[in-house]
Amino acid sequence: MNLETAPRVIFCQPALPAYRIDFFDRMAKQLGQRFALYYSPTDMGALTQHSKPFNWERPVGLMQPIIPGVIEWQPGVMKIRMQRGDTLIVCGGPRTVSTLTLLVKARLRGIKTVWFGHYWSSTSKSHRFYVRMMLMKLVHAVLFYTDQEIDEYRAGFGHNDRRPISAVNNGINVDPIISVRNPYRAEGRPRDMLLIGRLQAKCQAEMVINALADSRLAGVRLHIVGDGPARADLEVLARKLGVEDAVIWHGGTSDENVIAKVANQCRIFVFPGAVGLSLIHAMAYGLPAVINDDRWGNGPEITAFSANSTGAAFAKDDSADLVDKIAAIIDDTGLLNRWSEEARRRADELYNTQGMTDRVLALIDRLGDGR
């Protein structure tokens with residue numbers, strides 16, 4: 001096959017976070033030089049620190065705000081080489097007007113286009129949601145994050161949509177986790193909890209630190225793997241409540257060997273705020289989760305969770321209920337062992353980068369067949 005004329009698969013993303021690298025690398029291993037990713041260098045702390053460049057990555061200019069927080073432009077994307085037969089997959093977002101312009105250019109050139117994004121995310125607002133639904137009409141196919149979102153779309157805005165609609169079941173690379181995780185037996189672990197994720201307002205980590213001050217959780221410790229703008233205030237809160245010895249700070253890292261040393265000693269994962277891929281990460285370690293019950297206030301990855309099958313759900317923003325749920329399960333080792341097995345199975349089989357790759361390639365094949 002002549003690589004100069006062979007159909008290519010082109011991704012256009014605002015950034016290249018560490019949790020996406022394995023997915024893109026698997027795509028490149030399947031497609032070879034026919035695959036390329038265009039993105040803007042971005043500082044997301046540990047999430048954007050990767051040591052080696054890949055032959056499939058194509059950095060473009062830094063994202064430029066046109067109206068800060070409202071509209072932005074990604075320099076360089078309009079120069080992406082595209083030809084008839086290629087497939088362009090963009091990160092769906094109404095605020096990046098360069099992406100929308102690129103989609104129009106691609107359509108005019110007879111290039112297959114795919115919108116990859118949320119149906120509804122934890123940061124969605126009604127007006128932006130409606131705009132996104134309208135802009136999604138620019139493309140030939142839609143790729144949501146989870147199968148549940150397909151059902152939600154089909155039940156609402158997409159009830160008459162005849163285009164190919166698929167989902168990746170957003171996940172992480174579980175291979176390095178499988179190699180370092182220990183067998184889960186709750187009775188052999190200390191009464192420790194894991195919180196992993198960027199420490200910012202939407203994480204609501206202060207709720208679980210407050211929970212540690214409840215007498216029913218005496219002797220329970222919280223391990224925090226992550227960093228961010230909220231950390232300083234959280235440390236002050238822990239000291240104020242007298243629970244500073246019960247909170248262990250591990251900092252932000254994407255090194256699975258480091259994370260494993262923490263996760264392998266914890267009984268449960270807890271995340272009071274808007275949870276996303278952190279949930280899948282914890283499930284891959286077999287950790288039962290305690291998260292809030294608000295489908296629309298969490299990321300779409302919440303579809304991987306089932307109350308009373310992979311963990312316990314507490315009423316959103318209800319600190320008392322959070323304490324109740326933790327206290328009710330932290331010593332029920334038989335229950336935790338059952339939940340752990342199901343959580344691990346779902347991560348290993350359903351929510352991982354190999355499955356994501358297979359699903360995207362299947363959608364591209366459907367587009368190529370005209371279906």
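**Buried polar residues, turns and helix crossings in a predicted model**

Asn298 sits in the loop that links β14 (289-292) to β15 (311-314). The model described here is a predicted one, and this loop residue is a good place to start reading it. Asn298 has a relative accessibility of 0%, so it counts as buried. What, then, does the side chain of Asn298 meet? One partner is Asn292, whose side chain joins that of Asn298 in a polar contact of 2.8 Å. Another is found on the backbone: the nitrogen of Val275 lies 2.9 Å from a polar atom of the Asn298 side chain.

The loop between β14 and β15 also holds Asn308. Is Asn308 buried or exposed? With a relative accessible area of 61%, Asn308 is exposed, because exposed means over 50%. The backbone of Asn308 deserves a look as well, as its phi is positive, about 70°, although the residue is not a glycine. A positive phi in a residue other than glycine is also seen at Gln204, where the value is near 55°. Gln204 belongs to the loop between β10 (192-196) and α6 (205-211). Its relative accessibility is 15%, and Gln204 therefore counts as buried.

Strand β10 brings the next polar residue, Asp192. Asp192 has a relative accessibility of 1% and so is counted as buried. Which side chains make polar contacts with the side chain of Asp192? One is that of Arg221, at 2.9 Å; another is that of His223, also at 2.9 Å. Leaving aside residues up to four places away in sequence, Asp192 touches Arg221 and His223 together with Gln265, Cys266, Arg267 and Ile268.

Trp120 offers an aromatic example, placed in the loop between β7 (112-116) and α3 (126-135). Its relative accessibility is 17%; since buried means under 20%, Trp120 counts as buried. When residues up to four places away in sequence are not counted, Trp120 touches Lys125, Ser126, Phe129, Arg132, Glu149, Arg295, Trp296 and Pro300. A further landmark is Gly93, which is 27 residues from Trp120 along the chain, with 12 Å separating the two C-alpha atoms.

The helices can be read in a similar way, beginning with α10 (residues 319-329), whose buried residues are Asp321, Leu322, Val323, Ile326 and Ile329. What covers these buried residues? The cover includes the strands β10, β13 (268-271), β14 and β15, along with the helices α6 and α11 (333-349). At the N-terminal end of α10, Asp318 acts as a cap, with a side-chain oxygen 3.2 Å from the backbone nitrogen of Ala320.

How many of the eight residues of helix α9 (residues 277-284) are buried? The answer is eight of eight, and α9 is described as mostly covered. These buried residues are Leu277, Ser278, Leu279, Ile280, His281, Ala282, Met283 and Ala284. After α9 comes Gly286, with a positive phi near 80°.

Helix α9 also packs against α11, their axes coming within 7 Å and crossing at roughly 115°. The two helices are therefore roughly perpendicular to each other, and their crossing is left-handed. On the α9 side, the contact is made by Ile280, Met283 and Ala284, and on the α11 side by Ala343, Arg344, Arg346 and Ala347. Sorted by class, the residues of this contact are five nonpolar, no polar and two charged.

Another helix pair is formed by α1 (residues 18-31) and α12 (residues 353-368), with axes that come within 9 Å and cross at roughly 50°. Helices α1 and α12 are therefore oblique to each other, and α1 passes α12 in a right-handed crossing. From α1, the contact draws on Arg20, Asp22, Phe23, Arg26, Met27, Gln30 and Leu31, while α12 supplies Thr353, Gln354, Met356, Thr357, Val360, Leu361 and Ile364. By class, the contact of α1 with α12 has seven nonpolar, four polar and three charged residues.

Terms used. Residues are numbered from 1 along each chain as its sequence is written. Side-chain values use heavy atoms; hydrogens and water are left out. Axes are lines fitted to C-alpha atoms, for helices over the stretch in contact, and angles run from 0 to 180 degrees between N-to-C directions. Helices (H or I, at least four residues) and strands (E, at least two) are DSSP runs, numbered from the N terminus. Angles under 35 degrees count as roughly parallel, over 145 as roughly antiparallel, 65 to 115 as roughly perpendicular and the rest as oblique. A crossing is left-handed if the near helix is turned anticlockwise from the far one by less than a right angle, and right-handed if clockwise. Contact means heavy atoms within 4.5 Å. Ala, Val, Leu, Ile, Met, Phe, Trp, Tyr, Cys and Pro count as nonpolar, Asp, Glu, Lys and Arg as charged, and the others, Gly among them, as polar. Buried means under 20% relative accessible area, exposed over 50%, partly exposed in between (1.4 Å probe, protein chains only). A polar contact is a pair of N or O atoms within 3.5 Å; within protein, one must be able to donate a hydrogen and the other to accept it, and residues adjacent in sequence count only if both atoms are side-chain atoms.
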